[in-house]
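User: I'm new to this one. Can you walk me through how the chains touch?
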Protein chains: 4
Amino acid sequence: MARRQIAVVGTSSSSSETDALARALGYALAQADCVVVCGGLGGVMTAVCEGVAEAGGLSVGILPGESREAANEAVGVVVATGIGHARNLAVVASGDAVIAVGGDWGTASEIALARKLGRRVVVLGGSAPLDGPGVLAAVTVEEALELALGE
Amino acid sequence: MARRQIAVVGTSSSSSETDALARALGYALAQADCVVVCGGLGGVMTAVCEGVAEAGGLSVGILPGESREAANEAVGVVVATGIGHARNLAVVASGDAVIAVGGDWGTASEIALARKLGRRVVVLGGSAPLDGPGVLAAVTVEEALELALGE
Amino acid sequence: MARRQIAVVGTSSSSSETDALARALGYALAQADCVVVCGGLGGVMTAVCEGVAEAGGLSVGILPGESREAANEAVGVVVATGIGHARNLAVVASGDAVIAVGGDWGTASEIALARKLGRRVVVLGGSAPLDGPGVLAAVTVEEALELALGE
Amino acid sequence: MARRQIAVVGTSSSSSETDALARALGYALAQADCVVVCGGLGGVMTAVCEGVAEAGGLSVGILPGESREAANEAVGVVVATGIGHARNLAVVASGDAVIAVGGDWGTASEIALARKLGRRVVVLGGSAPLDGPGVLAAVTVEEALELALGE
């Protein structure tokens, strides 16, 4: 358990705003020597993996299906779980903390499961699909890292 | 698929208010010939199973653990999944609709997963841990049944 | 936990021999007041549910998918898990003992998981896909019941 | 999906014979530029991760529990699934092929699930807990690699 692991969750739809935020987040997390765990598919998941790759870091994509082929091109290591949406539990359990960028019901389930497990949750960029005790808000990537890493 | 199945989710803590609501809900669902699916543990889960049993109906408790022994005494049939909190997905997927009574982060994850799967969600009694499109509010048990059964 | 629950696993292909055996098994289990748990799909799973239904008993089909619609017509209660082949764990964990009729790699995984959990396993009809300590052989339905119920 | 991923499964008990085999296997897989996926716990899982680490490679440990802390010391990246023995599915689904070293019922379930998914399975060292079509035998680490990588 030498390296810190941070889970990044968020919308699977691509938008210029959330993609840019997720890419900058992935870059910064890799720079901070964190392994980035995500759901391995599109939108925020692709963008964060691209940011990690740009910084020469390591990302892990935890897929719902049984085949590695669904993973986005930028993922480093692929875990094919075969358990569908239940893989959301594995994504957040694998992070020391969870950072959310945008998101829908799937992201909301990840935030809820993360909090159920006692993981710190940081919402970056203001559009949290779910709020409550232990869900922190960050405006900038730097702030998100500080809150997630507890520094 | 002759019989309708309704998932009931909610707080695992016992309170006189949510217990009474859940018991009345279980009774009414059984009277309406619905099988009641729940998480099989305490609080709302026990109360709804008691209501179902009083009406001579059938309840199914879907447990996180590998042993049937954790189930509450009132459950009819026990499914031991062995998959921990990922069983929340099985609970809501097994209902044609989902009714929530109170609840915490676990319940919030169930509401989110239910909506992700396109299930109708009804919050009974006003204390929804999560809100959004397709999450309906009911004040009375009768209203919750109407909304859940789409009548 | 008033009623005993027995998991029945086996081939998803239909054959006159295994279907007849599974149907007789389902009938006998229901007569012995056992709830029958199975994977809810075709072949042995359909036949055992038909036997249960003929005897007026209760069967539970635990499906891999997120929708109840994949269940065979004879299932009593349907649990849609959404976790794919990982539902094999839930099938065997939900039985006090497991009886196998024919089967392939899926059935072999169920036998292995059942033994991992310490469940007694009975192979009925001689074609076990997997053998080892705690895997018992039965020639007749009566013998399978005796071994499974520990009487 | 640039890098090949090989799943290594086997006994969680430590023995000088299986440990040595697993360590040599991990070393050879890392040398062949494969990411090694395993269950992240003891016995063969620890030994294979140690071999990977010695060669400067990358291993992924997919744990049954919700916490990263159960992982062995040699694991590179940890995935905490929270789904118990159902994580066996994720282990084998994440490998392009599966190599087994020794093993018990858990390993047998992994071989069965791997074959269910169509993954090639290689048993290294002669003590397969489960046999059948598509399960290949290897005596040496070199032979196991050849069979697993299809070269």
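Analyst: Sure. This is a predicted model. Take chain A and chain C to begin with: they bury about 330 Å² between them, and carbon and sulfur atoms give 51% of that.

User: Which residues of chain A lose the most area to chain C?
Analyst: Glu66(A), Ile83(A) and His85(A). Together they make up 70% of what that side buries.

User: How many residues are in contact there?
Analyst: Six from chain A and six from chain C.

User: And how many salt bridges between chain A and chain C?
Analyst: Zero. The count of residue pairs in polar contact is also zero, with both residues at pLDDT 80 or more. By class, chain A's side has two nonpolar, three polar and one charged residues.

User: OK, switching to chain D. How much area do chain A and chain D bury?
Analyst: About 2,200 Å², with 59% of it on carbon and sulfur atoms. Each chain puts 26 residues into the contact.

User: How many salt bridges there?
Analyst: Two. Arg68(D) and Asp96(A) form a salt bridge at 2.5 Å, N to O. There are also ten residue pairs in polar contact, both residues at pLDDT 80 or more.

User: Which element of chain A gives the most to that side?
Analyst: Strand 4, with four residues. The whole side divides into 14 nonpolar, five polar and seven charged residues.

User: Last thing. What rotation superposes chain A on chain D?
Analyst: One of 180 degrees, with 0.0 Å of shift along its axis and an RMSD of 0.0 Å. The two copies are therefore related as by a two-fold rotation axis. Both use the same surface: 100% of chain A's contact residues recur in chain D.

Key: Residues numbered from 1 in each chain as written. Chains lettered and ligands numbered in written order. Predicted model: local features only at pLDDT ≥ 70, side-chain atom pairs only at ≥ 80, totals over all residues. Heavy atoms only, no water. Contact = heavy atoms within 4.5 Å. Buried area = accessible area lost by both parts, 1.4 Å probe. Salt bridge = Lys/Arg side-chain N within 4 Å of Asp/Glu carboxyl O. Polar contact = N/O pair within 3.5 Å; in protein donor to acceptor, adjacent residues only side chain to side chain. Nonpolar A, V, L, I, M, F, W, Y, C, P; charged D, E, K, R; others polar. Least-squares fit on C-alpha atoms with pLDDT ≥ 70 in both. Helix = DSSP H or I, 4+ residues; strand = E, 2+ residues; numbered from the N terminus.
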